[in-house]
Amino acid sequence: MNIETIVQALQLSVKSGRDRLGVEVRGGYVGDLLSDVMANSREGDLWITRQIHQNIVAVASLKDLAGIILVRGAEPAADTLEKAVRENIPLLTADLPAFEIAGRIYQMIGPRKA
Amino acid sequence: MWKRWVGPVSSCKKWLFNETFSVQGGNFDDAGRISGNIKTILKEMGIGNDVVRMAAVITYESEINIVSYARQGMIRLHMLPEHIEIEAVDEGPGISDIRLAMQQGWSTATDKIREMGFGAGMGLNNIRNFSDIFHISSDVGSGTRLKMIIHIQQEQDR
Amino acid sequence: MLLREVQKILDAEVLVGAEKLDMEVHTAFGADLMSDVLAFAVSGCILLTGLTNPQIIRTADVLDIAAIVIVRGKKPFPETLRAAADKKIPILSTKYILFESAGRLYEKGIVGCVEKVGGSRVFL
């Protein structure tokens, strides 16, 4: 399952990293505490959050996450978007809340592989 | 960008209820207690759930701001026949650029504050979004003052 | 579904509120940011969060949140448990991450908080 399929199915808006939508999504991670994301997220996770400041790009990059979905209408801060474009990290947005987005993606990709 | 409070909202400024609560800077243990109290008071007065929610969110975010950034402050709740006024006044560093502070995501929070789930830069926005009228003023080195008004009868109730 | 069903689905430990497992829940909200909970969580929902400090109890109390599920195997502070017992707000703890917890509950019919809450006017 790649990001593009999820973008289509959930009608997400793509803000950056358009040419990396073919990346495989191995799992999902929902969280807004950067230290928790750093500790628990895994390579290939699609990160669902409402944190909009530029540190999210650094975290996504460091952890080799598949991309970031800002949910419930959150829009990235200007410098966040700039950084995401520069580092070519897929940054997506959704109107639905984290629970709904996570629920639907989980149905598509299943539980985390060990 | 924000609505200004332009004057008395009622020609008959008769308080039905008027109470002031003090807030201690840095006291995260206590933060949120006042919004709990206000919620109870408003519910007992028969105020509708939507308005109670608005008042509770406004008060909570105001309390957290004072606790997070100021030395001390106070929150005043005034009940008028048609409106609820909530004022949050603090003694603290003040805000040098209000427009910047009102930008979603803009925050001066420390790591400790962020780890608690605060400091995402949404507090003032929540306060503004949950008010019918919102006014903010600040003096650097002195403190910040917020004044919020909520109509007891909301649009959708009319 | 009943809260005890939520407990089963999430393989959760009940830390506070074992006497309230028969309460009905229909909606859930997942976040680690208090401002988001304040803005969007619907009364009566279950809150899925990685926050463990006593402020989550204040938030839950102010918003009439039905129960809190702490995810990622995190353990709440003792003060948090005391505050929860005091306010009679059930706290469950699950080892699953928020994504997995949401996924499992979603597939069993729990829905997200999509309705607008109180003041949803947005000023530009």
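The following exercises, each with a worked solution, concern a predicted model.

**Exercise 1. The build of chain A**

Task: Determine how many helices and strands chain A has and in what pattern they follow one another.

Solution.
1. Counting the elements of chain A gives five helices and five strands.
2. Taken in sequence order, these elements of chain A give α-β-β-α-β-α-β-α-β-α.
3. The C-alpha trace of chain A extends over about 35 × 30 × 25 Å along its principal axes.
4. A compact globule of 114 residues would have a radius of gyration near 13 Å, and the 12 Å of chain A agrees with this.
5. As for burial, 50% of the 114 residues of chain A count as buried.
6. Among the contacts in chain A with a separation of 6 or more, 51% are between residues 24 or more positions apart.

**Exercise 2. One helix and its buried face**

Task: Identify the residues of helix α3 of chain A that are buried, and explain why they line one face of the helix.

Solution.
1. Helix α3 of chain A comprises residues 55-62, and A:I56, A:V57 and A:A60 are buried in it.
2. Viewed down the axis of α3(A), these buried residues lie within an arc of 100°, and therefore they line one face of the helix.
3. The elements that cover the buried residues of α3(A) include β3 (45-49), β4 (67-70) and α4 (78-86) of chain A.

**Exercise 3. Two residues with positive phi**

Task: For A:D64 and A:N88, state where each residue lies and whether each is buried, partly exposed or exposed.

Solution.
1. A:D64 comes after α3(A) and belongs to the loop between α3 and β4 of chain A.
2. Its phi is near 50°, which is positive although A:D64 is a residue other than glycine.
3. Around A:D64 there are 12 other C-beta atoms within 10 Å, so this residue is exposed; the cut-off for exposed is 12 or fewer.
4. A:N88 is found in the loop between α4 and β5 (91-93) of chain A.
5. The phi of A:N88 is positive, about 55°, and A:N88 is not a glycine.
6. A:N88 has 13 C-beta neighbours inside 10 Å and therefore counts as partly exposed.

**Exercise 4. The strands of chain B**

Task: Work out which strands of chain B pair with β3(B), and in which sense they run.

Solution.
1. Strand β2 (residues 72-79) of chain B pairs with strand β3 (residues 83-91) of chain B in the antiparallel sense, over eight bridges.
2. The link from β2(B) to β3(B) is a hairpin of three residues.
3. Across this pair, B:R76 is placed opposite B:E87 of β3(B).
4. Strand β3(B) also runs antiparallel to strand β5 (residues 143-151) of chain B, with seven bridges between them.
5. In this second pairing, B:E87 is opposite B:K147 of β5(B).
6. B:E87 thus faces B:R76 in one pairing and B:K147 in the other.

**Exercise 5. The contacts with chain C**

Task: Describe the side of chain A that touches chain C, and then the side of chain B that touches chain C.

Solution.
1. The contact between chains A and C involves 22 residues of chain A and 21 residues of chain C.
2. On the side of chain A, β2 (27-30), α2 (34-40) and α5 (98-109) each supply at least two residues.
3. The largest share on this side is that of α5(A), with seven residues.
4. By class, the side of chain A holds 11 nonpolar, five polar and six charged residues.
5. The contact between chains B and C involves 27 residues of chain B and 20 residues of chain C.
6. On the side of chain B, two or more residues come from each of α1 (33-44), α2 (49-69) and α5 (123-129).
7. Here α2(B) provides the largest share, seven residues.
8. By class, the side of chain B holds 13 nonpolar, eight polar and six charged residues.

**Exercise 6. The largest nonpolar core**

Task: Find which residues touch the most other members of the largest nonpolar core, and which element gives the most to this core.

Solution.
1. The largest nonpolar core has 119 residues, of which A:I48, B:A55 and C:A102 touch the most other members.
2. The element that gives the most to this core is α2(B), with 12 residues.
3. Leaving aside residues up to four places away in sequence, the residues that A:I48 touches include A:Y29, A:V30, A:I69, A:I101 and C:F99.

Conventions:
Residues are numbered from 1 along each chain as its sequence is written. Chains are lettered from A and ligands numbered from 1 in the order in which they are written. This is a predicted model: local features need pLDDT of at least 70, side-chain atom pairs count only at pLDDT 80 or more; totals for chains, interfaces and linings use all residues. Two residues are in contact if their C-beta atoms, placed from the backbone, lie within 7 Å. Helices (H or I, at least four residues) and strands (E, at least two) are DSSP runs, numbered from the N terminus. Ala, Val, Leu, Ile, Met, Phe, Trp, Tyr, Cys and Pro count as nonpolar, Asp, Glu, Lys and Arg as charged, and the others, Gly among them, as polar. A residue is buried if 20 or more other C-beta atoms lie within 10 Å of its own, exposed if 12 or fewer, and partly exposed in between; C-beta atoms are placed from the backbone. The arc is that of the directions from the helix axis to the C-beta atoms. The radius of gyration is taken over C-alpha atoms; the globule rule is 2.2 Å times the number of residues to the power 0.38. Two strands pair if DSSP finds at least two bridges between them. A nonpolar core is a set of buried Ala, Val, Leu, Ile, Met, Phe, Trp, Tyr and Cys residues joined through C-beta atoms within 7 Å.
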